[in-house]
Amino acid sequence: MGQPDDASTRLRNALATADVVAAEDTRRTKALAASLGVQIAGRVVSYYDQVEAARAPKLVDAVASGETVLLVTDAGMPSVSDPGYRLVVACADAGLPITCLPGPSAVTTALALSAMPSERFAFDGFAPRKTGARHDWLASLRDEQRTVVFFESPHRLAQTLADAADVLGADRRAAVCRELTKTYEEVRRGGLGELADWAAEGVKGEITVVIAGAAKIDETVTLESLVAAAQALADSGVRLKDACAQVIAGTPFSRRDVYEAVLSARD
């Protein structure tokens, strides 16, 4: 949730009438109910990542016995990078009724605010934490022509953006959406390199990143022509790595391909 006023009437009624409220964070859920002027009448149980598998069976039993179980997660949608998937699967397998109370979504809100094409997009959850896995994931996006949306920790944002600029090109368009629908909502748009420099100063809050899809690849471009173009930019004063990142846009070659080829040509 962002602003409490984003909560629907259906959510308010569900909080007040559910027999069981399974909460990712019981304190935050109780605080949410209080801000909405709702008294939770049912029993409140914790339901977070580490206990999800163990507690799902009891919640399924509660639904099977005729009780209403309301699953509430923090700053997101249950099952979407939040607890809930196991419970939904278990209820579906048991033939039990399941419904969703639609609410604010950081994914679609960020996409709408990014000023990027949204007809086709991919959501990739959280960016990988480890450097090697993150580079492999970013490499898989090099030729992805859909807009890509993902979540990131504010503590890792600067490094992830720097890695993205290195792998995808400093000029590839992106947007960083912070604290969506909250008091200090902020949206920064620009090239990956520019955004990485901004994030290096420190960023706080819930972060959603949107990266523009790759340009349609021109298979007729040769490595030799890119080497010449990168060398020309470098001769004009552009840093070689930045020059290589600029010339690869819309080509099947990586910045490293061009960079190493330029060095080889110089030798």
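Is Phe123 buried, exposed or partly exposed? In this predicted model, Phe123 has a relative accessibility of 28%, so it counts as partly exposed. That puts Phe123 between the two cut-offs, since buried means under 20% and exposed means over 50%. Phe123 is a handy place to start, because its ring is paired with that of Phe151: the two centres are 5.1 Å apart and the planes are at 65°, so the pair is edge-to-face. The contact brings together distant parts of the chain, with Phe123 in strand S4 (residues 121-126) and Phe151 in strand S5, 28 residues apart. Phe151 has a relative accessibility of 12%, so this residue counts as buried.

Phe151 has another ring partner. Phe126 and Phe151 also form an edge-to-face pair, this time with 5.4 Å from centre to centre and 65° between the planes. Again distant parts of the chain are linked, with Phe126 in S4 and Phe151 in S5, 25 residues apart. Phe126 is partly exposed, at a relative accessible area of 46%. Put together, the ring pairs tie Phe123, Phe126 and Phe151 into a cluster. The count of aromatic pairs in the model comes to three.

Rings can have charged company too, and Tyr259 shows this. The charged end of Lys241 sits over the ring of Tyr259, 6.0 Å from the ring centre. Arg255 lies over the face of Tyr259 as well, also at 6.0 Å from the ring centre.

Now for the sheets. Strands of a sheet pair through backbone hydrogen bonds, and they can do so in a parallel or an antiparallel way. One open sheet here is made of three strands in the order S2-S1-S3, with parallel pairing. Strand S2 (43-46) and strand S3 (69-72) stand at the edges with a single partner strand each, so one side of each has no neighbour in the sheet. From one strand to the next, the twist averages 25°.

A closer look at strand S1 (residues 20-23) shows how the pairing works. S1 and S2 run parallel and are joined by four bridges. Within this pairing, Val21 has Val44 of S2 as its bridge partner, while Ala22 is matched with Val45 of S2. In a regular strand, side chains alternate between the two faces of the sheet. S1 fits that picture: Val20 and Ala22 point one way, Val21 and Ala23 point the other way, and all are buried. Helix H2 (residues 26-35) lies across S1, S2 and S3, and runs at about 140° to S2.

Antiparallel pairing turns up further along the chain, around strand S6. S6 and strand S7 (residues 186-191) pair in the antiparallel sense over six bridges, and Cys177 has Val187 of S7 as its bridge partner. S6 also pairs with S8 in the antiparallel sense, over five bridges. In that pairing, Ala175 stands opposite Val210 of S8. Five of the six residues of S6 are buried, so the strand is largely enclosed by the rest of the structure.

What about the nonpolar interior? In soluble globular proteins, nonpolar side chains tend to be buried together. The largest nonpolar core in this model has 23 residues, and those with the most contacts inside it are Leu157, Leu161, Leu168 and Leu192. The elements giving two or more residues to this core are helix H6 (131-140), strand S5 (147-152), helix H7 (157-168), strand S6 (173-178), helix H8 (192-199) and strand S8 (207-211). H7 provides the largest share, six residues. So which residues does Leu161 touch, leaving aside neighbours within four places in sequence? The contacts of Leu161 are Val176, Leu192, Leu195, Ala196, Ala199 and Val209.

Val88 gives a view of another part of the chain. This residue lies in helix H4 (residues 85-93), and its relative accessibility of 37% makes it count as partly exposed. Not counting residues up to four places away in sequence, Val88 touches Ser79 and Ile98. Val88 and Arg189 are 101 residues apart in sequence, and their C-alpha atoms are 36 Å apart in space.

Key: Residues numbered from 1 in each chain as written. Predicted model: local features only at pLDDT ≥ 70, side-chain atom pairs only at ≥ 80, totals over all residues. Heavy atoms only, no water. Pairing = 2+ DSSP bridges. Axes fitted to C-alpha atoms, helices over the stretch in contact; angles between N-to-C directions. Contact = heavy atoms within 4.5 Å. Core = buried A, V, L, I, M, F, W, Y, C linked by side-chain atoms within 4.5 Å. Buried < 20%, exposed > 50% of the residue type's maximum accessible area, 1.4 Å probe, protein only. Phe/Tyr/Trp six-rings, centres within 6.5 Å; stacked < 30°, edge-to-face > 60°. Lys NZ or Arg CZ within 6 Å of the ring centre and 35° of its normal.
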